[in-house]
Amino acid sequence: MADFAALFKEYNVLAAFGMTLLLTVASAVGALLIGTIVAVLRVSPVAALRFFGTAYVTLVRNTPLTLIVVFCAFGFLNFMGVRLLPASASLMAQNAAWCIVALSVYHASFVAEAIRSGINTVPVGQAEAARAIGLGFRQTLGQVVLPQAFRGAIAPLGNTLIALTKNTTVVAAVGVAEAALMMKNMIEFNPDLIFAVFAIIALGFVLLTLPVGLLFTHYSRKLSVQR
């Protein structure tokens, strides 16, 4: 216990996991918005839109997340000088903002596929019935198909959120002060406490991801559509 107390005294563990939580929540919102749009493009009757949606998913999903994060942080921010926050914001905050963009863009490809799989569970007859009563593609998708698709996609969306939480560790590559960067500093300056360091980081991520898994499992069962 003395090892844990020493680490908690020397490092701000709560602040590091607070940054991890901030990255997770902000990126989850961004990924959901972008992913929903891409999923709609994937099922669009317009061939060009379907091609764009497919190209996005194929390209982004097969690109290493580290490459996307480094490109956003060093390419857009450091090289091109594009700032998402006011100029008065610190470099750390600017980096964090671009990391949120990178995480959102990357995980949106997985969200899109989860939602598309949910769309595929909706019986074709419902869309045909909606068109028969005069609803257009946008109305059919928004009022009939997507509400059921989200219910069918709850489990894969939960898995994506858990993966996103763990993937926030990648942003340590650009110096964002979250849990993984703290772990690196802990190990570098306290190598004799390596097992305590691993225990703290592992427990922190379990506390972040386990409730999410249980919550999404509960709602996937509760809101499952009976066929």
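# A tour of an all-helix model

Start by selecting Gly134, which sits in the loop between helix 6 (124-132) and helix 7. What you have open is a predicted model. Is Gly134 buried or exposed? Gly134 is exposed, because its relative accessible area is 58% and anything over 50% counts as exposed. Now add Lys222 to your selection. Gly134 and Lys222 are 88 residues apart along the chain, and their C-alpha atoms are separated by 32 Å.

**Zoom out**

Next, show the whole protein as a cartoon. How many helices and strands are there? The secondary structure comes to ten helices and zero strands. If you trace the chain along the sequence, the pattern reads α-α-α-α-α-α-α-α-α-α. The C-alpha atoms fill a box of roughly 70 × 45 × 30 Å, taken along the principal axes.

Switch on the surface for a moment. About 12300 Å² is exposed, and carbon and sulfur atoms supply 70% of that. Of the 227 residues in the protein, 41% are buried. There's also a nice number on how the chain meets itself: take the contacts between residues at least 6 apart in sequence, and 75% of them join residues at least 24 apart.

**Color the annotated spans**

Pick a bright color for residues 12-43, 63-85 and 193-217. The unreviewed UniProt entry annotates these as "transmembrane region". Look at residues 12-43 on their own: the span is 94% helix and 0% strand, and its end C-alpha atoms lie 46 Å apart. Then try residues 63-85, where the end C-alpha atoms lie 26 Å apart and the span is 65% helix and 0% strand.

**Follow helix 10**

Now select residues 194-222, which make up helix 10. Helix 10 has 29 residues and reaches 42 Å from its first C-alpha to its last, close to the 42 Å expected at 1.5 Å a residue. Turn the view until you're looking at the helix from the side. Where does helix 10 bend? The bend, of about 25°, is at Leu207, and the proline Pro211 follows within four residues.

Show side chains along helix 10 to see what is tucked away. The buried residues include Ala196, Val197, Ile200, Ile201 and Gly204. Phe205 is also one of the buried residues, and so are Thr209 and Val212, among others. What covers them? Among the covering parts are helix 1 (2-10), helix 2, helix 8 (154-167) and helix 9 (179-189).

**Hunt for ring pairs**

Show the aromatic side chains next. How many aromatic pairs does the model have? The count comes to four. Phe17 and Phe205 form one of them, an edge-to-face pair at 5.6 Å centre to centre with 70° between the planes. Phe17 lies in helix 2 (residues 13-42) and Phe205 in helix 10, so this pair ties together parts that are 188 residues apart in sequence. Phe17 is buried, with a relative accessible area of 11%, and Phe205 is buried too, at 12%.

Then move to Phe71 and Phe76, which form an edge-to-face pair at 5.1 Å centre to centre with 80° between the planes. Phe76 is partly exposed, with a relative accessible area of 24%. Add Trp98 to the selection: ring pairs link Phe71, Phe76 and Trp98 into a cluster.

**Over to helix 8**

Select residues 154-167 for helix 8. Helix 8 has 14 residues and reaches 20 Å from its first C-alpha to its last, close to the 20 Å expected at 1.5 Å a residue. Its buried residues include Ile154, Leu157, Gly158 and Thr160. Which helices do the buried residues of helix 8 pack against? They pack against helix 2, helix 5, helix 7 (137-152) and helix 10.

**Two last stops**

Click on Met92, which lies in helix 5 (residues 91-121). At 33% relative accessibility, Met92 counts as partly exposed. Leaving aside residues up to four places away in sequence, Met92 touches Gly175, Val176 and Ala177. For a longer view, add Thr217: Met92 and Thr217 are 125 residues apart along the chain, with their C-alpha atoms separated by 35 Å.

Finish at Asn190, in the loop between helix 9 and helix 10. Asn190 is buried, with a relative accessible area of 10%. What does Asn190 touch, not counting residues up to four places away in sequence? Show Leu7, Glu10 and Tyr11, and you have its contacts on screen.

Key:
Residues numbered from 1 in each chain as written. Heavy atoms only, no water. Phe/Tyr/Trp six-rings, centres within 6.5 Å; stacked < 30°, edge-to-face > 60°. Helix = DSSP H or I, 4+ residues; strand = E, 2+ residues; numbered from the N terminus. Buried < 20%, exposed > 50% of the residue type's maximum accessible area, 1.4 Å probe, protein only. Expected span 1.5 Å × (residues − 1). Bend = angle between axes of the 7 residues up to and from the residue. Contact = heavy atoms within 4.5 Å. UniProt positions renumbered as here; feature names shortened; annotations may be inferred. Areas by Shrake-Rupley, 256 points an atom, 1.4 Å probe, with all protein chains shown as cover.
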